[in-house]
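Here are my notes for you on this one. Keep the viewer open as you read, and go through the points in order.

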Amino acid sequence: MNLLVVGTGYVGLVTGACFAEMGHDVICLDIDEKKVRDLEKGIIPFYEPGLEELVLRNFKAGRLHFTTDYRQAVSQSLVCFLAVPTPSDEEGRCDLSYLMDATRKIAYEMNGYRILVNKSTVPVGSAKLVEKTVSAILGERPAHPLRRRLQS
Ligand SMILES: NC(=O)c1ccc[n+]([C@@H]2O[C@H](COP(=O)([O-])OP(=O)(O)OC[C@H]3O[C@@H](n4cnc5c(N)ncnc54)[C@H](O)[C@@H]3O)[C@@H](O)[C@H]2O)c1
């Protein structure tokens, strides 16, 4: 399958590398350009046993790609995993701004059926929020065939 993992941190990079090892074609996307450039050079931003070998092997095999380009990544991927930060504030409230930013950017680039999977830690009800956000953005494109499918 063609998979997209948004956020190449502890969760996203490990997820993407493991999916690539299973034989899937994986794009790992991050907004941090330096991180993406480093990953393309084989520089892993943190230590996780076995991760470096996994990333290098699958990158060389052409199953693992790194990018900052939402348009290219979303157009090529059926399933989009969200693995962006959701930090808590001092009162324990979850900051969903990174998740919403990634959701909006995916929705703007959707050119067909996509499955969004949330791997970030979020409060109950966040999936509905993601769905509503995608639906609203597709609604801004009146003739878009995905609109009816999401609203049914
Ligand atoms: N680290 C863990 O062990 C762990 C375990 C369980 C759950 N989680 C949850 O998983 C999520 C990710 O955690 P992490 O530790 O991998 O975070 P991280 O900070 O290591 O990585 C997140 C990455 O997302 C990128 N990012 C931020 N906004 C983006 C956007 N709009 N588009 C693309 N990339 C974006 C950042 O540049 C960063 O590289 C969080 O919700 C966290 O609570 C983490």
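1. A bit of vocabulary to begin with: helices here are DSSP runs of H or I with at least four residues, numbered from the N terminus. A residue counts as near a molecule if one of its heavy atoms lies within 4 Å of it. Keep in mind, too, that this is a predicted model.

2. Now for the ligand and its neighbours. It is surrounded by 22 residues. If you want to find the closest ones, look for Asp30, Lys35, Tyr70, Thr86 and Asp101.

3. Which helices each supply at least two residues of that shell? They are α1, which runs over 10-21, and α5, which runs over 97-109. The largest share comes from α5, with three residues.

4. What kinds of residues make up the shell around the ligand? Sorting them gives 11 nonpolar, six polar and five charged.

5. Next, zoom in on some polar atoms. Asp30 turns up again here: an N or O atom in its side chain is 2.6 Å from an oxygen atom of the ligand. With Val11, a polar backbone atom is 2.8 Å from a ligand oxygen. Tyr10 also takes part through its backbone, where an N or O atom lies 3.1 Å from an oxygen atom of the ligand. As for overall cover, the ligand on its own has 830 Å² of accessible area, and the protein covers 71% of that.

6. Where does the ligand sit? You'll find it in the largest pocket. That pocket has a volume of about 380 Å³. Its lining is made of 21 residues, and the closest to the pocket centre are Gly7, Asp30, Ala83, Val84 and Pro85.

7. Which elements give two or more residues to the lining of the largest pocket? The answer is α1 and α5. It is α5 that gives the most, with three residues. By type, the lining divides into 12 nonpolar, five polar and four charged residues.

8. If you pick one residue to click on, try Asp30. It is among the closest to the ligand, and it is also among the lining residues closest to the centre of the largest pocket.

Terms used. Residues numbered from 1 in each chain as written. Predicted model: local features only at pLDDT ≥ 70, side-chain atom pairs only at ≥ 80, totals over all residues. Heavy atoms only, no water. Polar contact = N/O pair within 3.5 Å; in protein donor to acceptor, adjacent residues only side chain to side chain. Areas by Shrake-Rupley, 256 points an atom, 1.4 Å probe, with all protein chains shown as cover. 1 Å grid on protein atoms, 1.4 Å probe; cavity = no way out; pocket = protein on both sides within 12 Å on 5 of 7 lines; lining within 4 Å. Sits in = over half its atoms within 2 Å of the grid points. Nonpolar A, V, L, I, M, F, W, Y, C, P; charged D, E, K, R; others polar. Points joined across faces, edges and corners; volume = space filled by probe spheres on them.
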